[in-house]
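Here is a walk through one protein model, sheet by sheet and then out to the charged side chains. Keep the viewer open as you read.

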Amino acid sequence: MALWRMHVELEDRPGRLGGLASAVGAAGCNILSLHVVGEPGDNGAVTDELLVQVPEHVEPTVLVDAVDSAGIPCTLLVRADATELSDPATTALALARMVAADPGSAPSAVATMLRARLVDPAAAATGEVHTLRGGTQQIHVGRPWPFTATELSRAAALLELATQLAMRTPAPAASGDRTLVLRDGSEVRLRTAGPADGPLVAALHARCSPASRRARYLNPAPRLRPDEQAALLGSGLLALTTDGGSAVGIANLEPDLRARPVSARASVLVEDAWQGRGLGTALLRRIADLAAEQGVGELTGTARPDDVGITRLLRRAGLRPEAGISGTEVRLRAALPAPVG
């Protein structure tokens, strides 16, 4: 089964929603979610977004033809990701809480809400690019399909919330600690790893499953070598439980200053019990922001051919990775936008 995002113009009159469901079902497809993403037009029609499950043997054009035959215009059909099946209202509330805890996370939160990525307006970009302003803050977001007025108003409200909070929130402590609210409402503390964190990192590594360690290090060894641990502590961003007693995730950035443009190898490890909450995505976004601030032009990574997790992680973080096979490994590259002011 493949997941597709579909936009339709649906008139606000009795029976039209049922007609849409019947047309999709007649094409052999299944609607998994539906919500309004556009303002009513002159004829009273609104833009509805559907996530539709399409069997592999059904061509997407069959779905479009079935909906059009029911007299319902289809304005968009693009591939979607299973991670987008979360309830939009729940996601928006979780993002608002994240911004309340850390107003500086607003650009990433807005990009997540719009299922878009932060872009550099000076660089050539494909698809739709829109500029959002909140107070003195200005961000540029892009994605392959158009933004609707309803979506942009929601994003602008989130950015304005961050602007108001930033005027009331004191700067982070000198230690660099910051609180991160995950999409399920749980919280972690983020801070830079130091030499004294060796036991925390070793325990995190030991608690991870062989599959998680293999995805991170390309081997499932239960213990870190001294040089590996030293590298993690020298360039790591730690995610800790709120009491600071356990490390539940770590992200690393290893810049290659000889490359042009300057690149940096990025890697993330999240304890199995904390996976699926958005922690890996948040860690990767944070180190991507740090890399861009340091003048890094692209992130790189390595994965096994059967491991698509890092590719999905990069995409969820708002990046567009390119992949190439080198021997038994997949080499990934993802360009970084210029820092957002």
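S10 and S11 run antiparallel and are joined by 5 bridges. If you want a spot to anchor on, look for leucine 238, which stands opposite isoleucine 250 in S11. The hairpin these two strands make has 6 residues between the strands, and glycine 244 there takes a positive phi near 75°. Bear in mind as you go that this is a predicted model.

On its other pairing, S11 meets S12, again in the antiparallel sense, over 8 bridges. Aspartate 256 has serine 263 in S12 as its bridge partner. Is S11 enclosed or open? Of its 10 residues, 7 are buried, so the strand is largely enclosed by the rest of the structure.

Zoom out and these strands turn out to belong to an open sheet of 8 strands, ordered S8-S9-S10-S11-S12-S13-S15-S14, with mixed pairing. S8 and strand S14 (321–326) are the edge strands, each pairing on one side only. On average, neighbouring strands in this sheet are turned by 25° against each other, direction ignored. Over at the S8 edge, S8 and S9 pair in the antiparallel sense over 4 bridges, and arginine 178 has leucine 190 in S9 as its bridge partner.

Two helices are worth finding against this sheet. Helix H8 (residues 226–235) lies across strand S10 (236–240) and strand S11 (247–256), running at about 85° to S11. Helix H10 (residues 309–316) packs on the sheet too, touching S12, strand S13 (298–303), S14 and strand S15 (329–335), and its direction makes about 5° with that of S15.

There is another sheet to look at. This open sheet has 4 strands in the order S2-S3-S1-S4, with antiparallel pairing. Strand S2 (30–36) and strand S4 (74–79) stand at its edges with a single partner strand each, so one side of each is left without a neighbour in the sheet. The twist here averages 20° from one strand to the next. S2 is joined by 6 bridges to strand S3 (residues 46–54), and the two run antiparallel; serine 33 stands opposite leucine 51 in S3.

Now for the greasy parts. The largest nonpolar core has 55 residues, and those with the most contacts inside it are Leu114, Leu132, Val188, Leu279, Leu283, Leu284 and Leu299. Helix H9 (residues 279–293) gives the largest share of this core, 7 residues. Take leucine 279 as an example: leaving aside its neighbours within four places in sequence, its contacts are Leu180, Leu182, Val188, Ala239, Val248, Val270 and Trp274. A second, separate core has 17 residues, including Val8, Leu20, Val24 and Leu63.

On to the charges. Side chains of opposite charge can pair when their charged atoms come close. How many salt bridges does a search of the whole structure find? The count is 12. Three of the pairs are set out below.

| Pair | N to O distance |
|---|---|
| Arginine 13 and glutamate 11 | 3.0 Å |
| Arginine 277 and aspartate 184 | 3.6 Å |
| Glutamate 271 and arginine 207 | 3.0 Å |

Arginine 277 lies in the loop between strand S12 (263–270) and H9, while aspartate 184 lies in the loop between strand S8 (178–181) and strand S9 (187–192), so this pair ties together parts that are 93 residues apart in sequence. Aspartate 184 is partly exposed, at 46% relative accessibility. Glutamate 271 also lies in the loop between S12 and H9 and arginine 207 in helix H6 (residues 198–207), so that pair ties together parts 64 residues apart in sequence. Glutamate 271 counts as buried at 13% relative accessibility, whereas arginine 207, at 37%, counts as partly exposed. Arginine 13 is partly exposed at 43%, and glutamate 11 is partly exposed as well, at 30%. Elsewhere, Arg5, Glu49, Arg115, Arg143 and Glu151 are linked in a network of salt bridges.

Finally, a charge without a partner. Arginine 216, in helix H7 (residues 210–217), is buried yet has no salt bridge. Why does glutamate 254 not count as its partner? The nearest side chain of opposite charge is glutamate 254, 4.9 Å away, and a salt bridge needs the nitrogen and oxygen within 4 Å. Beyond its neighbours within four places in sequence, arginine 216 is in contact with Leu232, Asn252, Ser267, Val268 and Leu269.

Technical notes: Residues are numbered from 1 along each chain as its sequence is written. This is a predicted model: local features need pLDDT of at least 70, side-chain atom pairs count only at pLDDT 80 or more; totals for chains, interfaces and linings use all residues. Side-chain values use heavy atoms; hydrogens and water are left out. Two strands pair if DSSP finds at least two bridges between them. Axes are lines fitted to C-alpha atoms, for helices over the stretch in contact, and angles run from 0 to 180 degrees between N-to-C directions. A nonpolar core is a set of buried Ala, Val, Leu, Ile, Met, Phe, Trp, Tyr and Cys residues joined through side-chain atoms within 4.5 Å. Buried means under 20% relative accessible area, exposed over 50%, partly exposed in between (1.4 Å probe, protein chains only). Contact means heavy atoms within 4.5 Å. Lys and Arg count as positive and Asp and Glu as negative; His and the chain ends are not counted.
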